[in-house]
Amino acid sequence: MPVDEARIAEYKARLAERERVIRESWVRTMEAKLVREKLDRCYETEGVNHMESCKELRDRYIDMLKDNRVQGYKHIDV
């Protein structure tokens, strides 16, 4: 019986870790979405000066696009 309980505990821990990873992935993705919305508003309000005025948001959004993608719990090396 202790072996089954250990396997069940290990399985529950693995599921909890999987949910945590997916939840963090979604949070990072939603942060990128919020930055994109701020960038869109900046482009609309600044008009022709948007290249200079929105540079920080643009750079931040580009960096977030590289790292903040929704990832599943399986990692496949390509």
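**Exercises on a predicted three-helix model**

The axes of helix H1 (residues 2-46) and helix H3 (residues 55-67) come within 9 Å in this predicted model, and they cross at roughly 155 degrees.

**Exercise 1.** Determine how H1 and H3 are oriented to each other, and state which residues make their contact.

*Solution.* Begin with the crossing angle of the two axes, which is roughly 155 degrees. Angles over 145 degrees count as roughly antiparallel, and H1 and H3 are therefore roughly antiparallel to each other. The handedness is a separate matter, and here the crossing of H1 with H3 is left-handed. Turning to the residues, H1 contributes Arg28, Glu31, Ala32, Val35, Arg36, Lys38, Leu39, Cys42 and Tyr43 to the contact, while H3 contributes Leu57, Arg58, Arg60, Tyr61, Met64 and Asp67. Sorted by class, this contact holds eight nonpolar and seven charged residues, with no polar ones.

**Exercise 2.** Identify the residues of the largest nonpolar core and the elements that supply two or more of them.

*Solution.* The largest nonpolar core consists of seven residues, namely Ala32, Val35, Leu39, Cys42, Cys54, Tyr61 and Met64. The elements giving two or more residues to this core are H1 and H3, and H1 gives the most, with four residues. As a next step, take Cys54, a member of this core, and set aside its neighbours within four places in sequence; Cys54 is then in contact with Leu39, Cys42, Tyr43 and Glu46. As background, nonpolar side chains in soluble globular proteins tend to be buried together.

**Exercise 3.** Decide whether Leu65 is buried, partly exposed or exposed, and locate Leu65 relative to Arg36.

*Solution.* Leu65 lies in helix H3. Its relative accessible area is 40%, and since buried means under 20% and exposed means over 50%, Leu65 is partly exposed. As for position, the C-alpha atoms of Leu65 and Arg36 are separated by 9.9 Å, although the two residues stand 29 residues apart along the chain.

**Exercise 4.** Describe the protein as a whole, from its secondary structure to its burial and its contacts.

*Solution.* The protein has three helices and zero strands, which gives the pattern α-α-α when read along the sequence. Of its 78 residues, 14% count as buried. Finally, among contacts with a separation of 6 or more, 58% are accounted for by residues 24 or more positions apart.

Key. Residues are numbered from 1 along each chain as its sequence is written. This is a predicted model: local features need pLDDT of at least 70, side-chain atom pairs count only at pLDDT 80 or more; totals for chains, interfaces and linings use all residues. Side-chain values use heavy atoms; hydrogens and water are left out. Axes are lines fitted to C-alpha atoms, for helices over the stretch in contact, and angles run from 0 to 180 degrees between N-to-C directions. Angles under 35 degrees count as roughly parallel, over 145 as roughly antiparallel, 65 to 115 as roughly perpendicular and the rest as oblique. A crossing is left-handed if the near helix is turned anticlockwise from the far one by less than a right angle, and right-handed if clockwise. Contact means heavy atoms within 4.5 Å. Ala, Val, Leu, Ile, Met, Phe, Trp, Tyr, Cys and Pro count as nonpolar, Asp, Glu, Lys and Arg as charged, and the others, Gly among them, as polar. A nonpolar core is a set of buried Ala, Val, Leu, Ile, Met, Phe, Trp, Tyr and Cys residues joined through side-chain atoms within 4.5 Å. Buried means under 20% relative accessible area, exposed over 50%, partly exposed in between (1.4 Å probe, protein chains only).
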